Structure formats: C-alpha cells, structure tokens
Amino acid sequence: MNRLILTASLLFLLFACQDDEPVFDKSADERVAEAISELQSKLIAPSDGWFLRYQPESTSGAFNILLNFDSEGKVRIRTDFGVNEGEFYDQTISYRIDNSLGLELIFENYSFFSYLFELDQASFLAEYEFDYVNTTPDGDLVFRSKTDPSSATTIVFQPATPVNESMLGVALDKSLSTLAEGVMTLTPLYRLDYPAKDLSLYLVLDEVRRTISFSYANTLGNLSESSPFSFSTSYVVEGSSIVLAEALETNILGKSISLSSIQLNQLSESSLSICPDQDPLELSQLGGAINASVINLSATITDPGGAAFANIENDIYTVSIGGVFDNGVSVGPDIAAEIPGAEIMVLYYQNDPEDPFLALGYYIVNEEDNTTTIAVKEFTPTYEANKVNFDFAPEYTVFRDTTQTLNYEAMDKYLNKLTEGGNTYIIKAPETISYDYEFYNPCNGWNMVMFLN
C-alpha cells in the first residue's frame, strides 16, 4: 500500500512540474546583455557626466575626478593630477562593462587609475576595475574596488554639475610643480610665510599621495628662533585651495595656529643669489590666504631642521652609493666603476668636544678576499644656519683592512662634488620620508641622502 502511495505522489509531482511556467522568460545571456545595457545607459545619461572623489586608501588624500561616458565605449577622464607632464589632466580612453559574479566597470587603457594602481609595486590599493554595487534613490552609482586585499574601497559616482569642473585644481597643480622646479632637492621642502602670525612653517607636500607634513616653525625671517613640531594629514585639492582632511590646531612659539585649508592662486617669480660667479637661481612663489590672512608659499633650501644637525653629538649615517645624485641622476654606477668595491657612503658625526670624530668617506668591500676597508676624510665644519662648509683633512683615515690599494683621486672627486664651494645645505627629511637627511649643493646640483645607522 505504501509503495502505491509513493508511486502516485511521484507521478503527481512529475505532471505538476510539466505544467509550471518557466522561471525566466529569457536566457541567461539575454539577461546579462540587458543588465550591461542598462548600466551603460545609466553611465551615459548625465549631460555633465559624473563627479567622483577617489581615495585609494584611508591614509592617502583624495582626488576629484570628472568622468564622461559615451555609447561607443569611450570615457573622458579629467583630473588635477599632473604627473607624466600632465597626461592625466584630460584623457579619453576605452571602457567596457563585463559580467563575472556581477557587473564590472573596467577602464581598459592606461590612465590615471592605472598609474595609481602601479604605484609602489601596486601597493597603493588603487584600482582600474570596479564591481557595480547598486544605484541609490538619488541616482548615484555605487561601485566597489575589485582587487583590494582586505576591505574594498567603495566609490560613488554622482551626477556632475558645472560647479564640479571648477573643483579641479589644474592651475594649482601646475603652480606647485613650478615651485618645485626651482630647487632640485630630492624631496622639495616648502616654507609657508604667515605674516599675521609672525611665523614661517616648513612643510613637505606629497602630490601623488596627496599628503602634507609639517616639521618646523620659526619666527618670520629669523631661523635662530625655531621650534620643531610634527603634523601630517591628507588633503584634497579644490580649485585653488589645499583642503586638509584634519585641521592643524597647535600653539607654537607662543602663537596659536588653526589651519584647515590653504588658498594659493598668485604665482610670481623671484630669484636667489647663493652661488658665487653664477646667475641667481630662478625661483617662484605662490601667494594666497589662510583664514583671509595673506600668506606666501615658496620652495626653500633653508631649513631649521637641517640647522639643528650641528648639535648632533654621536651619530653615524650611511647610504648605498646609489644614494648619491648628480642633478637627479644616481652616480652609484660611476662610483662603483672608479672605486672598486665601494658600496656605501658613511658619515661619522661623533661630536664629543674632547675627542671629536667627524668624517665622510667610503665603506669598501675588497673583492679578492672579502675583507672590508673604511676610508674617510676627517673634517671641521663651519655652519651658517643649515649651510655647511667642510674643511677636510689632507689625508684619508683608513681602518679595518689597511693593506688595500685605494683610488684616492676618484674618492676625492665625489667628496669634492658633494661639498664644493662650501655650499652644501643640510635638509632634515620629514617623518614620512624613509631617509633622515639630504645633503644638497645647489651650485652644482649634487645630492646625497643619509640614513641614521
């Protein structure tokens, strides 16, 4: 009896299934094609395109972007990101919409997104492929970064308005690049003169990651009255202003500072005469305002942090020979060719008044027996703020393996380039930079970075 009931039930289910309507009235491929077409229709709909504020990672600043999609698979991307000689200010590339586990928006050609994706061996967490999430009730399109290793970055496309175009700070980006060109330090240091506070603030701008780092302040025009302070935050460029993600609120040298944005819109030219028998350095400066108070921003090689180097008591600094530069080009290969076995530049700054040992030179690995030689020239420094003159001893001090034949002429060549004319400026790197100091000779364009050993 039970067997008859089971058979009847199976026959009932079989015939019932045959009478059901199909679950979908279209094939999977047709549904995917419709979804892709619907998303593309949304992308091309706004007459002014889309406005996007893109922040690749939580510690970086943000970038304002305008996107205009068309029905032919092209997208116009506008930014105020001025690397590669302004390649990404205004660029039109191909895009496509794919379907994997959901809809994906892919920027196909090399673009602003690709550049950021490749930054620091693809560790910047930028992206050029985005998963479509949804459309908000306000008509915004929500996307999510496709390949972030942990929490994915969510980005929102908002229908753009004519006002959004004015938020792109292309003119400011170009002006900041002009400031940096006048002084060929490896990391441009800026001085922000703030007359209303009788202060100069020293800062570094990372225009790729959009971060700003303050390091020192001094009384306006008086480097001897200075004080260190450390403050870093990210920023976004909005038109002619740098807008800080976190406001600088501090009291320094008896002056209270409240700084949330810096307006910079008046580029002018200046010059600096520091190299004997040479034309003045052609420089620029940017005028603007903080809280309606007039300010001025300029690149500088005068640095209170570098001036404090004279007070170091007992440190040793080193850098691989690749950290020596002639006008931005490493001379490491030249040093290695002329001074066989030379691997490291070493600076001893053991400033004991009773037994000082201040010396600059080379750490050399002897190729034949793998022994090491340290050959340095002792010097007596004379400081003028952060400018130092090296008065070298006539002979090298050699220790460890002292039997090796050394090319003293070549060794002198590079020490002399770095210290030529007594015009070497010491610049303290901000905490966001990996090295500790930069030694820069503006009269011949030679640089050397140094790490605390």
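## Spaces, rings and a disulfide

About 40 Å³ of space lies in the second largest cavity. This is a predicted model, in which local features need pLDDT of at least 70, side-chain atom pairs count only at pLDDT 80 or more, and totals for chains, interfaces and linings use all residues. Residues are numbered from 1 along each chain as its sequence is written, and side-chain values use heavy atoms, with hydrogens and water left out.

**Cavities**

Rolling a probe the size of a water molecule over the atoms shows where empty space is left. The search runs on a 1 Å grid over the protein atoms alone. A cavity is a set of points where a 1.4 Å probe fits but cannot get out. A pocket is an open set with protein on both sides within 12 Å along at least five of seven lines. Lining residues have an atom within 4 Å of a point. Grid points are joined across faces, edges and corners, and a volume is the space filled by probe spheres set on the points.

How many cavities of 30 Å³ or more does the structure hold? There are 2. The second largest cavity is lined by G169, L172, D173, L176, E207, R210, Y235 and V237. Two elements, α6 (170-181) and β12 (222-238), each supply at least two residues of this lining. α6 gives the most, with 3 residues. Helices (H or I, at least four residues) and strands (E, at least two) are DSSP runs, numbered from the N terminus.

The largest cavity holds about 50 Å³ of space. Around the largest cavity stand T187, L189, V204, I427, K428, A429, P430, Y435 and E438. One of these lining residues, K428, also meets a ring: the charged end of K428 sits over the ring of Y437, 5.4 Å from its centre. That label requires NZ of Lys or CZ of Arg within 6 Å of the ring centre and within 35 degrees of the ring normal.

**Pockets**

The largest pocket has a volume of about 700 Å³. Its lining counts 27 residues, and A180, P188, L205, E207 and V208 lie nearest its centre. E207 also lines the second largest cavity. Elements that each supply at least two residues to the largest pocket are α3 (83-86), α6 and β10 (199-206). Which element gives the largest share of this lining? It is α6, with 5 residues.

The second largest pocket holds about 320 Å³ of space. It is lined by 19 residues, and the closest to its centre are R191, L272, T300, I301 and T302. Two or more residues of this lining come from each of β14, β15 and β16 (293-300).

The table sets out the linings by class. Ala, Val, Leu, Ile, Met, Phe, Trp, Tyr, Cys and Pro count as nonpolar, Asp, Glu, Lys and Arg as charged, and the others, Gly among them, as polar.

| Space | Nonpolar | Polar | Charged |
|---|---|---|---|
| Largest cavity | 6 residues | 1 residue | 2 residues |
| Second largest cavity | 4 residues | 1 residue | 3 residues |
| Largest pocket | 12 residues | 8 residues | 7 residues |
| Second largest pocket | 8 residues | 8 residues | 3 residues |

**The disulfide**

A disulfide is a pair of cysteine sulfur atoms within 2.5 Å. By this rule the count comes to 1. C275 and C443 form the bond, with their sulfur atoms 2.1 Å apart. The pair links distant parts of the chain, 168 residues apart. C275 is in the loop between β14 (255-272) and β15 (281-290), and C443 is in the loop between β26 (437-441) and β27 (446-452). Is the disulfide left-handed or right-handed? The torsion about the S-S bond of C275 and C443 is about -95°, so the disulfide is left-handed.

Buried means under 20% relative accessible area, exposed over 50%, and partly exposed in between (1.4 Å probe, protein chains only). C275 is buried, at 8%. C443 also counts as buried, at 16% relative accessibility.

**Aromatic pairs**

The structure holds 36 aromatic pairs. In one of them, the rings of F107 and F130 have their centres 6.2 Å apart and their planes at 85°, so the pair is edge-to-face. This pair links distant parts of the chain: F107 is in strand β5 (residues 103-107), and F130, 23 residues apart from F107, is in strand β6 (residues 129-135). Both F107 and F130 are buried. Rings of Phe, Tyr and Trp (its six-membered ring) pair if their centres lie within 6.5 Å; planes under 30 degrees apart count as stacked, over 60 as edge-to-face and the rest as tilted.

**One helix residue**

A33 lies in helix α2 (residues 28-44). A33 is partly exposed, with a relative accessible area of 46%. A33 and I65 are 32 residues apart in sequence and 28 Å apart in space, C-alpha to C-alpha.
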